[in-house]
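Student: I should like to go through the reasoning behind the terms applied to a structure. May we set each value against its definition?

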Amino acid sequence: MPPLRPPPPRILLNNVSCMRNAQIVLRNINVSMHDGSAVVLTGANGSGKSTFLRMLGGFSRPSAGEILWNGHDIQSGGVFQQYKLQLNWMSLKDAIKEKLTVLENVQWFEVLEGKIGKSEGAIELMGLGRLMNEKARMLSMGQRKRLQLARLLAIDRPIWLLDEPSVALDAEGVRLLEHIIAEHRKKGGIVFVATHLPIEIEDAMSLRLPHRFPRRKTLVDLVH
Ligand SMILES: Nc1ncnc2c1ncn2[C@@H]1O[C@H](COP(=O)(O)OP(=O)(O)OP(=O)(O)O)[C@@H](O)[C@H]1O
């Protein structure tokens, strides 16, 4: 019997570079992601973490190389629409509607997805149960972040692109975030996290993006 071939990666970044504003931001990135895997992206301000996520989200195109999903270029016709439906994007812009309640803010996204039924459980899990019927404008920054995470859970797509997901969360919120990431991965989900803050994700690949330019000396450098 011929030896079994390992399955192809679900997502492959093959020698990918990306330009923004006519300058190279990312250069020759190679990343291979199977179901259940995670990457933690770190790097200085401006090193390209959000650009990396934008590229995976299809908002920016690689200037060289290719991003493959199930072996197909995500930008090629027919593939892109299918690929986009796999993504859950979470960024610092929270897209929360102030006049809607917490529950409506999650259900609204469920309706857009043509799904229904997970909102309340997701809100409870994120510790916002007693605020379910409050207007979103009443929420603190950390509660807004929890609401974004509840939306992520309710929408339930396989590939999570998380830009600074733990900003504003308290210690319990960070533990919850780590928990839902672990549970998502157990179901075969794939997670990309860009962060400046420590986060515990078991067996995550760590990708530290280099400084884009030789940095000017700052006061901190001069003091040390
Ligand atoms: N809208 C934009 N148009 C053109 N260039 C941009 C834009 N946003 C960012 N850039 C450029 O891309 C570079 C990388 O930015 P990016 O936001 O990806 O960095 P980052 O690592 O996420 O930074 P931070 O840690 O500050 O969030 C920036 O230095 C900037 O020059």
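Tutor: The count comes to 9 salt bridges, a salt bridge being a side-chain nitrogen of Lys or Arg within 4 Å of a carboxyl oxygen of Asp or Glu. The model is predicted: local features need pLDDT of at least 70, side-chain atom pairs count only at pLDDT 80 or more, and totals for chains, interfaces and linings use all residues. Residues are numbered from 1 along each chain as its sequence is written, and side-chain values use heavy atoms, with hydrogens and water left out.

Student: What makes Lys118 and Asp156 a salt bridge?

Tutor: Their closest N and O atoms are 2.7 Å apart, which is within 4 Å, so the pair meets the rule. Lys118 lies in the loop between H3 and H4 and Asp156 in the loop between H5 and E7, so the pair ties together parts that are 38 residues apart in sequence. Helices (H or I, at least four residues) and strands (E, at least two) are DSSP runs, numbered from the N terminus.

Student: Why is Asp156 called partly exposed?

Tutor: Buried means under 20% relative accessible area, exposed over 50%, and partly exposed in between (1.4 Å probe, protein chains only). Asp156 has 28% relative accessibility, so it counts as partly exposed.

Student: Which other side chain meets Asp156 in a salt bridge?

Tutor: Lys187 does, at 3.6 Å, N to O. This pair links distant parts of the chain, with Lys187 in the loop between H6 and E8, 31 residues apart from Asp156. Lys187 has a relative accessible area of 61%, so it is exposed.

Student: Where do Glu183 and Lys186 lie?

Tutor: Both lie in helix H6, 3 residues apart, about one turn of the helix. Their side chains meet in a salt bridge of 2.9 Å, N to O.

Student: How do you know that the span of H6 agrees with expectation?

Tutor: The expected span is 1.5 Å times one less than the number of residues. The 16 residues of H6 should therefore span 22 Å, and the end C-alpha atoms are 23 Å apart, which agrees.

Student: Why does Lys49, in helix H1, have no salt bridge?

Tutor: The nearest side chain of opposite charge, Glu164, is 5.2 Å away, and the limit is 4 Å, so the pair does not qualify. Lys and Arg count as positive and Asp and Glu as negative; His and the chain ends are not counted. Lys49 is nonetheless buried, and a polar atom of its side chain lies 3.2 Å from the backbone oxygen of Ala44.

Notes
A polar contact is a pair of N or O atoms within 3.5 Å; within protein, one must be able to donate a hydrogen and the other to accept it, and residues adjacent in sequence count only if both atoms are side-chain atoms.
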